[in-house]
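Open the model in your viewer and keep the selection tool at hand. The tour below goes from one selection to the next and says what is found at each stop.

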Amino acid sequence: MENVRYELLIASVFIILFSGFLLPTANLAGTHGPLIPLIPIVVAAGGHPMAFGLLIGAFGLVLAISKGGSMLANLTSKGVCGGLLLYLGFVGTASQVKKLFAWAEGIGMSHIAFVVIFCTIILYALLEHFRKRWLAVPLSCLLGGTLAFAMGAPFSFQTEPGLPNMNPMYWWGEDTGWMLGLPTLEHFMVVLPFAILAVAMWSPDFLGHQVFQKISYPERTEKVHMNIDDTMTTASIRQTFGSLLGGTNFTSSWGTYIVPAAIAKRPIPAGALLTALFCIIAAIWGYPMDLAIWQPVLCVALIVGVFVPLLEAGMEMTREGKTTQSAAIVVFSSVLVNPAFGWSLTMLLDNLGLVGCKERSGELSKMSRWVLPGIMFIVLSSVMALVGLLPGIPAIIPSFR
C-alpha cells in the first residue's frame, strides 16, 4: 500500500512535467496492463523489480530515440499480436476471478464472488449495447463494491492521511522496503526476455490508443493527437526514474485515461493536470487507497478495464485472413514456455511465411522477414536457456540450477 502511494506521487510529477507541459502530445504514463499476468512468471523465475524496470526504461529510450517503435510494430503481424493479447487477456481474467473467489472463501462468503462477477457481466453487456463502454471501470467498481458491502463483506478505512516513505534506499534495502537489496547481473539476465517483450508490446498498445483518439476527435485537431514516439519517451523516462526511486510499477500508455478522454474530446494536457491532482490527493489522503485495493473493486476494475478489452482486441485482430494460425501458435508456445518465447518464435515463423499470411511475408524485406526476427528469437531463447526458463532443460549457468 505504501509503495502504491509512493508510485502515485512519482507518476503525478512526470504527468505534470511531460504530458502537462513539455510534451503535450504524449499520453500519460500509466500501468502496463497487458504485463500484469506476466508478473507471477517473472517472480517465479527469480526476477528483480528494479532490474526489470530499468531494462524496460532502457529499451524504451533506445526505441524512442531511434524512432524504432513503428518498426517493431511492423514486425509483429496482427495474428501474432492478437494471439498474444488473447493469451494475456484469458490468463489475466482467470487469475482475477480466482483471486476474487479466494478472497470470498477467506471471509466465508463464496457466493459474493459469483454475484459480483455475474452482475458485472450483465452491466458490461448493457454498456456495450448502449455504446457506453468507457463507463465500464467506474460503474463496475461502484457495482462490485456496493454489492459486496450490501451482502455483508467486511470493509473499513485503515490507511491514514500522510506521506509514504520516499527514501529509495529504504525500498531497495536488504532488510527494509521490499527486502530484496540491489539487483545483480543475474537478475538482469532473468528479466531480459520479459523486458524486451514488455517494450515490444508498447507499439501496438500505443497505436491502438492513437487510432481510437483519431477516430473520436473532431476534424482539424491533428496537432493535439497523441504521438507514439513522445509517449514512448515519457514512459521510458518515468519508468527509469520510478525504478531508481524505489517504485515497482511497470508503465505503458494510460489506456483507461485516453479512451474516456478521447470520447469526451478533451485535450491531453488539461486532463493530465487534473489526473495528477487527483493522484496526489488520493496518495496523501490515504483512505481512497483502501477502497481501491479492496478485492471486489480491484478485481472487477482489472477485469473490465484491462483483461476483457485485451480479449476483445485480440479477437478483433484475428477476424480476417489466416491470422488465426499465428494466434494459435502464439498461445500454444506461450503455454509451453512463456509469452516472451511464444511471441518471438511465432513472429519468426509468421514473417518467414510458414504460418499466417504468406502474402505479407512476401512483401517484407530480408531484414524484416528473417534477420531481425531470427536474432530476436535466438537472443531470447539463449537467455532463457542460460537462466533455466526452458521447461525440462537445466540452466546452463550453474547458479540458476
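Start with helices α1 and α11, where α1 passes α11 in a right-handed crossing. The model is a predicted one. To display the pair, select residues 2-22 for α1 and residues 228-245 for α11; their axes come within 10 Å and cross at roughly 145°. Now show the side chains between them. On the α1 side, pick Tyr6, Glu7, Ile10, Ala11, Phe14 and Phe18; they meet Thr234, Ile237, Arg238, Phe241, Gly242 and Leu245 of α11. Sorted by class, this contact has eight nonpolar, two polar and two charged residues.

**Helices α5 and α15**

Next, select residues 78-106, which form helix α5, and residues 295-317, which form helix α15. The two axes come within 7 Å, and the crossing angle is roughly 160°. Angles over 145 degrees count as roughly antiparallel, so α5 is roughly antiparallel to α15. This crossing is left-handed. The contact of α5 with α15 is made up of 19 nonpolar, seven polar and two charged residues.

**Helices α6 and α15**

Keep α15 on screen and add residues 110-129, helix α6. Which way do α6 and α15 run relative to each other? They pack at an angle of about 45°, with 11 Å between their axes, and are therefore oblique to each other. The crossing of α6 with α15 is right-handed. To see the contact, show Val116, Thr120, Tyr124 and Glu128 in α6 together with Pro296, Val300, Val304, Val308, Pro309 and Glu312 in α15. Seven nonpolar residues, one polar residue and two charged residues make up this contact.

While α6 is selected, find His111, which is part of this helix. Its relative accessibility is 44%, so His111 counts as partly exposed. Add Met151 to the view: this residue is 40 residues from His111 along the chain, and the two C-alpha atoms are separated by 9.4 Å.

Then move to the loop between α6 and α7 (136-150) and pick Arg131. Is Arg131 buried or exposed? With 75% relative accessibility, Arg131 counts as exposed. Check its backbone as well: Arg131 is not a glycine, yet its phi is positive, at about 55°.

**The loop between α8 and α9**

Go on to the loop that joins α8 (168-171) to α9, and select Asp175 there. Asp175 has a relative accessibility of 67%, and therefore counts as exposed. For a distance across the model, add Trp103: the C-alpha atoms of Asp175 and Trp103 are 29 Å apart, and 72 residues separate the two along the chain.

Met179 is also placed in the loop between α8 and α9. Its relative accessible area is 55%, so Met179 is exposed. Met179 has a positive phi near 55°, although the residue is something other than glycine.

**The nonpolar cores**

Now turn to the interior. In soluble globular proteins, nonpolar side chains tend to be buried together. The largest nonpolar core here has 65 residues, and those touching the most other members are Phe52, Ile56, Trp343 and Met384. Select residues 185-200 to show helix α9, which gives the most to this core, with nine residues. A second core, separate from this one, has 15 residues, among them Ile117, Cys141, Ala153 and Trp294.

Return to Met384 and show its surroundings. Leaving aside residues up to four places away in sequence, Met384 touches Pro193, Val337, Asn338, Ala340, Phe341, Leu389 and Leu390.

**Val337**

The last stop is Val337, in the loop between α16 (323-336) and α17 (339-352). Is this loop residue, Val337, buried or exposed? Val337 counts as buried, because its relative accessibility is 17% and the cut-off for buried is under 20%. Which residues does Val337 touch, not counting those up to four places away in sequence? They are Met384, Leu389, Leu390 and Pro391. To finish, draw a line from the C-alpha atom of Val337 to that of Met384: it spans 9.5 Å, for residues 47 apart in sequence.

Note on methods:
Residues numbered from 1 in each chain as written. Predicted model: local features only at pLDDT ≥ 70, side-chain atom pairs only at ≥ 80, totals over all residues. Heavy atoms only, no water. Axes fitted to C-alpha atoms, helices over the stretch in contact; angles between N-to-C directions. Helix = DSSP H or I, 4+ residues; strand = E, 2+ residues; numbered from the N terminus. Parallel < 35°, antiparallel > 145°, perpendicular 65-115°, else oblique. Left-handed = near helix turned anticlockwise from the far one by under 90°. Nonpolar A, V, L, I, M, F, W, Y, C, P; charged D, E, K, R; others polar. Core = buried A, V, L, I, M, F, W, Y, C linked by side-chain atoms within 4.5 Å. Buried < 20%, exposed > 50% of the residue type's maximum accessible area, 1.4 Å probe, protein only. Contact = heavy atoms within 4.5 Å.
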